[in-house]
Structures are given as C-alpha cells and as structure tokens.
Amino acid sequence: MSSAAVAAASGLGFGLSLIVAIGAQNAFVLRQGINGRHVLAVVVVCATSDIVLIAAGVGGFGVVVESAPEALVVARYAGAAFLIGYAVLAGRRAFGSAALSAESGRATAALGATVATSLALTWLNPHVYLDTVVLLGSFASTYASPDRWFLGAGAMLASVLWFTALGFGARLLGPLFDRPLAWRVLDTVIAAVLLALGLGLLCAG
C-alpha cells in the first residue's frame, strides 16, 4: 500500500473518531433527518464546514488558533450562550403544554433559519477548532507533504460519509417517531446534551 493510501486511511479513521460522538451538531442533523425536511441543505452545510476546517488545520491554521487564545475565549462564551438557548427551545418542545403529534414533530423551520442554525452549531463551537483544526492539524503535521493532504482528504471523506449517513439514514427511524412520546424523548435527550455542552463551555472558562 502506498504512503498516500496509508495517509488517506489514517485520515478517514481519525476523522471518524472525532466526529462520531453525541454533540450539538450531530443531534441537530439527526432531528432534521427524522423530520425529513431540509436534510440535504443541513448535510451540505455541515460537511462543507468540516471540509473547510480540515483544510485549515492541514494547512497549518491550527498554529494561528493556538497563538490567539482570546479568539477561543470569545467563541466559548458565544457558543455556550447559543447551546443553552437552543437547549431551552428543545426543552420547551419536550415539556411544552401543547400536545405533540407526528405532524408537529415533523414541522421544521424555514430553510434559511435551518441553515443558519447549522452554521451556528458548527462555527460557534470552540471544540470544532480544537478538534478539527488544532488536533487534526497537529496529527497531519507529522506527515510529509503531499501525504498530509491525502490524510486531510480522508478526514474530509469521513465527514461527508458521516453526515450523509446520519441525515438520510435517520429516515429509517421514521416509523418509531410516528408516536408523540418518541419526539418528547428525543427532544429531552437533545436538550440535556446541549445544556451539558453549554454549561461545560462556561465551566471551562
């Protein structure tokens, strides 16, 4: 196996290890996938954002991020505010007085609002910069050029595969979410995850 193929495989595995985890972004993609609306837009936004961040990390931008910790401080508090706010919205959906139904569960925001939320959940999360840019960038720096770019391509492929599978594969859960209780449980889990992430960012400060 060539060094380029080894680097690409390493990038694929490393990328999946970073992205396959319960987080704000994945929870949002999952819910949109179950809704079955704006899924392509959400997948494209999340995957494209990851590709840009991976390219920045492989290109050495991680060094810049490490040298400007104040930028991460701003991102941390902005991200915490957004995550806690979104957790409150998810909690209201789960415990609101209005009765849940399959149709109300499938109702989604307009395309523009959905794309904006996808962007915010990605770019306001400081862990994205620490993991994708700094950590992946540091790992890629151990490879000589051009192999490091093959590693980056593998990591990019991991993001595309993951978000595509998560967004469109979530439709398989459709029958389960014909029951209102399933939506209530999902939104409760999402609210708990986002609240924990938001408070974690504040505590980290």
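Helices (H or I, at least four residues) and strands (E, at least two) are taken as DSSP runs and numbered from the N terminus. The model is predicted, so local features need pLDDT of at least 70 and side-chain atom pairs count only at pLDDT 80 or more, while totals for chains, interfaces and linings use all residues. Residues are numbered from 1 along each chain as its sequence is written, and side-chain values use heavy atoms, with hydrogens and water left out.

**Exercise 1. Place Ser159 and Ser49 in the fold and describe their surroundings.**

Step 1. Ser159 belongs to helix α9, which covers residues 147–169. Ser49 is part of helix α3.

Step 2. Buried means under 20% relative accessible area, exposed over 50%, and partly exposed in between (1.4 Å probe, protein chains only). Ser159 is buried because its relative accessible area is 3%. Ser49 has 4% relative accessibility and therefore also counts as buried.

Step 3. A contact is a pair of heavy atoms within 4.5 Å. Leaving out residues up to four places away in sequence, Ser159 touches Ile19, Asp50 and Ile54. With that exclusion, Ser49 touches Leu119, Thr122 and Trp123.

**Exercise 2. Describe helix α1: its span, its buried residues and its packing partners.**

Step 1. The expected span of a helix is 1.5 Å times one less than its number of residues. Helix α1 (residues 3–19) has 17 residues and reaches 24 Å from its first C-alpha to its last, close to the 24 Å expected.

Step 2. The buried residues of α1 are Ala4, Ala7, Gly11, Phe14, Gly15 and Ile19. They lie on the same side of α1, because they cover an arc of only 120° around the axis. That arc is taken from the directions from the helix axis to the C-beta atoms.

Step 3. These buried residues pack against α2 (24–35), α3 (39–58), α8 (126–140) and α9.

Step 4. For one of these partners, α8, the 15 residues reach 20 Å from first C-alpha to last, close to the 21 Å expected. Its buried residues include Tyr129, Leu136 and Ala140.

**Exercise 3. Summarise the chain as a whole.**

Step 1. The chain has 10 helices and zero strands.

Step 2. Of its 205 residues, 43% are buried. Its accessible surface comes to about 9,800 Å², 73% of which belongs to carbon and sulfur atoms; the area is from the Shrake-Rupley method with a 1.4 Å probe.

Step 3. Among contacts with a separation of 6 or more, 89% join residues 24 or more positions apart. As a separate example of distance in sequence and space, Leu176 and Ile34 are 142 residues apart in sequence and 9.7 Å apart in space, C-alpha to C-alpha. Leu176 sits in the loop between α9 and α10 (180–204) and is partly exposed, with a relative accessible area of 39%.

**Exercise 4. How many disulfides does the structure hold, and is Cys46 buried or exposed?**

Step 1. A disulfide is a pair of cysteine sulfur atoms within 2.5 Å. The structure holds zero disulfides.

Step 2. Cys46 is buried, with a relative accessible area of 0%, whereas Cys203 is exposed at 69%.

**Exercise 5. Which helix has the lowest mean pLDDT?**

Step 1. pLDDT is the predictor's confidence in each residue, from 0 to 100. The chain averages 80, and 84% of the residues score at least 70.

Step 2. Helix α6 (residues 102–106) has the lowest mean pLDDT among the elements of the chain, 47, and α3 the highest, 93.

Step 3. Over residues 97–105, pLDDT stays under 50, and the model has 13 contacts beyond four places in sequence for them. Where pLDDT is low, the predicted coordinates should not be read in detail.
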